[in-house]
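Colleague: Can we go through this model together? I have a few short questions.

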Amino acid sequence: MRAEPSASSRAIWLLLAAICLCAVLSNRSNAAETEFTDWTPRELALIQSLSLSQLPPPPLSPSNRFADNPSAASLGRAIFNDARFSANGKVSCATCHRQDYGFTDDLPRGLGIGVANRRTMPIVAMAYQKWFFWDGRADSLWSQTLGPLENPVEHGIDRHQVQQLVSLHYSAPYRQVFEGDPTSQPVNQVFANTGKALAAHVRTLMPQTTRFDYYADTLPGQTNGTDILTRSEKRGLWLFVGQAKCVNCHNGPMLTNGEFHHSGTPASGEPDPGRGAAFDALEATEFGFFGKWSDADPDVDGDHIRFLDRDTHKYAGTFKTPSLRGVADRPPYMHTATFTTLAQVLNNYRTVSGSPLADEIFHGGLSDRDLIDLEAFLGTLSSNSNQIHN
């Protein structure tokens, strides 16, 4: 007959069992902190999906049949850098979209003829996007390029001046691309074609390979690539695809889903309605995807507009998710430029996590060290970081 264990024995066994369970639960965390060579299949798939090597060729642009025309891109590049397309002759597209600063600028608000109401967005890899501006009020890249030209605080000119400038300075390349004389075509046609040439140029702006991409492409199983990232950077990556759930919005090779979310950014002054106020602009313009000057077939193209969720209440205060490529090199951050460092952004995410205006942010349980490691990982998404460890 087997003797029943005493109460003290049962207590010891329960304690040992609890210790073993804790060891099992903490093993993944400890391993993640020390080696990061044992990514789970899910983690591995997510990491590799973020690599620039997974970026496909740019999708077609149905509303712009000149989108991949090299001559159109050449014309667009010239106009992009031409400050004569502004009211004071000092502002070009390149003034705010600086190539040496990730095709944005270092100012809290875009500065053209006057001061814009939001920070300048970076425009790298716009060929992969469906919505443009922070609030997505343009539904095609060529439509987006026209907005700043007529904005009184950006370029500050009108479409008649655009036609005059194109006719005076770019008549020959215009006629080569668009097979028409800009002086005799309707002003809105010349204006639309100018946007299509600008879009053809912007479509050529692509990101560069980063240390993260090199690391992701060595996986799985190639140990010679494990020192491409530091332990802190790898732990930040582990959090990025795991507990912090950053990939919910920052996914794919461009690290953005191109959609609109509440970021919990503190408002200064009147609340900005963001996406919630963009739908009227989409409907009103004749330069939109389904507008008069579009090359799209309305029976075939434009599902992103046809099935657009126009719930203004749902999207009030939401803004487009920017790409994280090169993010460490281009402060300040958010549409308001509220934060000057990534550490401030991450700390704010932790503070607002779970609040009604940031219900898609899951940073509430992150420690100070977690935020440091996440910031370290974000630094690996810059091509400028390649020289640090290579």
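Colleague: Where is the place of Leu107?

Modeller: Leu107 sits in the loop between helix H4 (93–96) and helix H5 (141–150). Helices here are DSSP runs of H or I with at least four residues, numbered from the N terminus. Residues are numbered from 1 along each chain as its sequence is written. The model is predicted, so local features need pLDDT of at least 70 and side-chain atom pairs count only at pLDDT 80 or more, while totals for chains, interfaces and linings use all residues; side-chain values use heavy atoms, with hydrogens and water left out.

Colleague: Is Leu107 buried or exposed?

Modeller: Leu107 is partly exposed, at a relative accessible area of 30%. Buried means under 20%, exposed over 50%, and partly exposed in between (1.4 Å probe, protein chains only).

Colleague: And Pro356, buried or exposed?

Modeller: Pro356 is exposed, with a relative accessible area of 71%. Its place is in the loop between helix H14 (342–352) and helix H15 (368–379). The C-alpha atoms of Pro356 and His262 are separated by 8.9 Å, and the two are 94 residues apart along the chain.

Colleague: How many residues of H10 are buried?

Modeller: Nine of the eleven residues in helix H10 (residues 231–241) are buried, among them Trp238 and Phe240.

Colleague: Changing topic, what pLDDT does the protein average?

Modeller: The average is 89, and 87% of the residues score at least 70. pLDDT is the predictor's confidence in each residue, from 0 to 100.

Colleague: Where does pLDDT stay under 50?

Modeller: One such stretch is residues 11–27, with zero contacts (heavy atoms within 4.5 Å) beyond four places in sequence. Where pLDDT is low, the predicted coordinates should not be read in detail.

Terms used
Helices (H or I, at least four residues) and strands (E, at least two) are DSSP runs, numbered from the N terminus.
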